[in-house]
Amino acid sequence: MNLSVIVITKNASTKIKDCLESLKFADEIIIVDSGSTDDTVRLSKSYGAIVIKVETVGFVFSRNAGAKVAKGEWLFYVDADERVTPELKEMVTERINASTHQRINAFRIYRKNIILGKWLQHGGWWPDPVHRLIKKSAFKEWRGELHEYPVVSGEVGLIEEPLTHNSKDSVAEMVVNSCLFAPIEAELKFKAGHPPVKIHHFVLAMWREFWVRGVLKAGWLDGIVGIIEIIYQMFHQFMVYSILWQMQNKKNEV
């Protein structure tokens, strides 16, 4: 078996169908589900996917769990809100078939981030290479609590044909995303012993996002959506530091 695609899910019924449609070329599709209560599991099984259920929520745990049951010589990690275009399919197939003549054991793939229906080409969102195609024999494990990464032996190549990422379809989804990830980021800062949060921490964190994404990386060139994304990233940092401040205050009260 050549290729196993691993998709991690939780309540992804609105996006999983298009994802699975784009993965029909794979020899095996493995869904790692962490407690979906919608139609995600049923839809996945209707496409012939192997579904394994995990109780621990987290990208690293789920990615490693998928690798353990995969039978393919290559592992291809695709998220439920991502799509493999026909062009990328051809490129992946070509690179896998040519791997016997090369020393490359893994590939990063460019990712096209689509937010509020627009492909963002500025603000640091393009080309956004992600490490997703890995030879199983070279794979060690995934690590990291927030920005996870695979540990792989050997050389890592690059596929420039992009993976399509339908990231956030609405402003409401953007806020939900922050509600999910801001507490994780705050906890990491808390565990790292971040100094007591003061007003200047809020100002600097939000200013940094504006300066980097808006000015240095010219996010405003993506128009209204680009401006919304810049402000959203500033808001996200506000949430992170607000939650961190709350954690520190609770610790002091004990």
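## Aromatic pairs

Trp-207 and Trp-211 are separated by about one helical turn, because these residues stand four places apart in helix H6. In this predicted model, the two rings form a stacked aromatic pair, with 6.0 Å from centre to centre and 20° between the planes. Both side chains are in part open to the surroundings: Trp-207 is partly exposed at 46% relative accessible area, and Trp-211 is partly exposed at 38%.

The structure has nine aromatic pairs. One of them joins Phe-202 and Phe-238 in a tilted arrangement, 5.6 Å centre to centre and with 45° between the planes. This pair links distant parts of the chain, since Phe-202 belongs to helix H6 (residues 199-216) and Phe-238 to helix H7, 36 residues apart. Phe-202 is buried, with a relative accessible area of 18%, whereas Phe-238 is partly exposed at 38%. Elsewhere, Tyr-110, Trp-119 and Trp-126 form one aromatic cluster.

## A nonpolar surface patch

Phe-238 also takes part in a nonpolar patch on the surface, together with Val-171, Val-175, Ile-224, Ile-228 and Phe-235. The accessible area of these residues together is about 510 Å². Helix H5 (171-191) and helix H7 (223-253) each supply at least two residues of the patch. The largest share, four residues, comes from H7.

Leu-116 touches two members of this patch, Val-171 and Ile-228. Other contacts of Leu-116 include Lys-168, Asp-169, Ser-170, Met-174 and Val-225. Leu-116 itself lies in the loop between strand E6 (104-115) and strand E7 (118-119), and is partly exposed with a relative accessible area of 24%. The C-alpha atoms of Leu-116 and Ile-224 are 10 Å apart in space, although 108 residues separate the two in sequence.

## Salt bridges

A search of the whole structure finds 14 salt bridges. In one of them, the side chains of Glu-173 and Lys-15 meet at 3.0 Å, N to O. This pair links distant parts of the chain: Glu-173 is in helix H5, and Lys-15 is in the loop between strand E1 (3-9) and helix H1 (16-21), 158 residues apart. Glu-173 is partly exposed, at 26% relative accessible area, while Lys-15 counts as buried at 11%.

The side chains of Asp-39 and Arg-42 form another salt bridge, at 3.4 Å from N to O. Here Asp-39 is partly exposed, with a relative accessible area of 38%, and Arg-42 is exposed, at 51%.

## A salt-bridge network

Asp-128 and Arg-111 meet through their side chains in a salt bridge of 3.0 Å, N to O. Asp-128 lies in the loop between E7 and strand E8 (130-135) and Arg-111 lies in strand E6, so the pair ties together parts that are 17 residues apart in sequence. Both Asp-128 and Arg-111 are buried. Salt bridges that share partners join these two residues with Arg-63, Asp-79, Glu-82, Arg-132 and Glu-148 into one network.

## Cysteines

A disulfide is a covalent bond between the sulfur atoms of two cysteines. The count of disulfides in this model is zero. Cys-19 is buried, with a relative accessibility of 0%, whereas Cys-179 is partly exposed, with a relative accessible area of 47%.

Note on methods
Residues numbered from 1 in each chain as written. Predicted model: local features only at pLDDT ≥ 70, side-chain atom pairs only at ≥ 80, totals over all residues. Heavy atoms only, no water. Patch = residues over 30% accessible without salt bridge, like charges linked within 9 Å, V, L, I, M, F, W, Y side chains within 5 Å. Areas by Shrake-Rupley, 256 points an atom, 1.4 Å probe, with all protein chains shown as cover. Salt bridge = Lys/Arg side-chain N within 4 Å of Asp/Glu carboxyl O. Disulfide = S-S within 2.5 Å. Buried < 20%, exposed > 50% of the residue type's maximum accessible area, 1.4 Å probe, protein only. Contact = heavy atoms within 4.5 Å. Phe/Tyr/Trp six-rings, centres within 6.5 Å; stacked < 30°, edge-to-face > 60°.
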